[in-house]
Amino acid sequence: MDINRENYELGLPVIQKAGVAHKIEFKESPAMPVLDELLQDEKNHGSYDFIFVDADKDNYLNYHKRLIELVKVGGLIGYDNTLWNGSVVAPADAPLWKYVRYYRDFVMELNKALAVDPRIEIGMLPVGDGITLCCRLK
Ligand SMILES: C[S@@+](CC[C@H](N)C(=O)[O-])C[C@H]1O[C@@H](n2cnc3c(N)ncnc32)[C@H](O)[C@@H]1O
């Protein structure tokens, strides 16, 4: 799901070449209403093996509240950009691009919430901009 088709259409030729286009149901929409709709159907609960989030950082915690219900026990949720340009460990007064500074607090809040969430075990991959993998325990 994405609010615009641009990235999906960029990847589509590769998806088609790999012969897996039939496995993809793209939804052009803000993520939140789609997640809420999925949650309304009990059969979607605990049904996803892997969920990857790379979208609006100020909503990651809102997504987490919903995704934890949708991923299966033993399944994974991946959150991208959890190092957020390294800003999560930068001093409070470090010079940062405006958008990095704006989202930093949201990413730090997410990181803290994931670290103490008893429903998941987490691992941080320090590749790219940081990916936190959360394995649902219960
Ligand atoms: C950094 S891009 C990543 C795209 C894709 N994961 C990729 O690697 O090609 C972030 C994406 O989040 C999408 N996005 C931003 N806010 C969103 C929202 N509220 N709901 C769904 N998608 C959103 C943007 O349109 C953009 O395509």
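**Close-ups of the ligand site and the cysteines**

**View 1. The ligand and its neighbours.** In this predicted model, the residues surrounding the ligand are Asp 2, Ile 3, Asn 4, Asn 7, Ser 29, Pro 30, Ala 31, Asp 54, Ala 55, Asp 56 and Tyr 63. Sorted by character, this shell has five nonpolar, three polar and three charged residues. If you are looking for the site on the whole protein, the ligand sits in the largest pocket.

**View 2. Polar contacts to the ligand.** Let's zoom in on three residues of the shell. The backbone of Ala 31 places an N or O atom 2.9 Å from a ligand nitrogen. Asp 56 uses its side chain instead: an N or O atom there is 3.1 Å from a nitrogen atom of the ligand. From Asn 4, a polar side-chain atom lies 3.5 Å from a ligand oxygen. On its own the ligand has 600 Å² of accessible area, and the protein covers 62% of that.

**View 3. Two cysteines without a bond.** How many disulfides does the structure hold? The count is zero. A disulfide is a covalent bond between the sulfur atoms of two cysteines. For Cys 134, the closest cysteine sulfur belongs to Cys 135, and because the gap is 9.1 Å, it is too far for a bond. Seen from Cys 135, the closest cysteine sulfur is that of Cys 134, again 9.1 Å away; the cut-off for a disulfide is 2.5 Å.

**View 4. Surroundings of the cysteines.** Are these cysteines buried or exposed? Cys 134 is buried, with a relative accessible area of 1%. Cys 135 counts as partly exposed, at 22% relative accessibility.

Technical notes. Residues are numbered from 1 along each chain as its sequence is written. This is a predicted model: local features need pLDDT of at least 70, side-chain atom pairs count only at pLDDT 80 or more; totals for chains, interfaces and linings use all residues. Side-chain values use heavy atoms; hydrogens and water are left out. A residue is near a molecule or strand if one of its heavy atoms lies within 4 Å of it. A polar contact is a pair of N or O atoms within 3.5 Å; within protein, one must be able to donate a hydrogen and the other to accept it, and residues adjacent in sequence count only if both atoms are side-chain atoms. Accessible areas come from the Shrake-Rupley method with a 1.4 Å probe; for residues, only the protein chains shown count as cover. On a 1 Å grid over the protein atoms alone, a cavity is a set of points where a 1.4 Å probe fits but cannot get out, and a pocket is an open set with protein on both sides within 12 Å along at least five of seven lines; lining residues have an atom within 4 Å of a point. A molecule sits in a cavity or pocket if more than half of its atoms lie within 2 Å of its grid points. Ala, Val, Leu, Ile, Met, Phe, Trp, Tyr, Cys and Pro count as nonpolar, Asp, Glu, Lys and Arg as charged, and the others, Gly among them, as polar. Buried means under 20% relative accessible area, exposed over 50%, partly exposed in between (1.4 Å probe, protein chains only).
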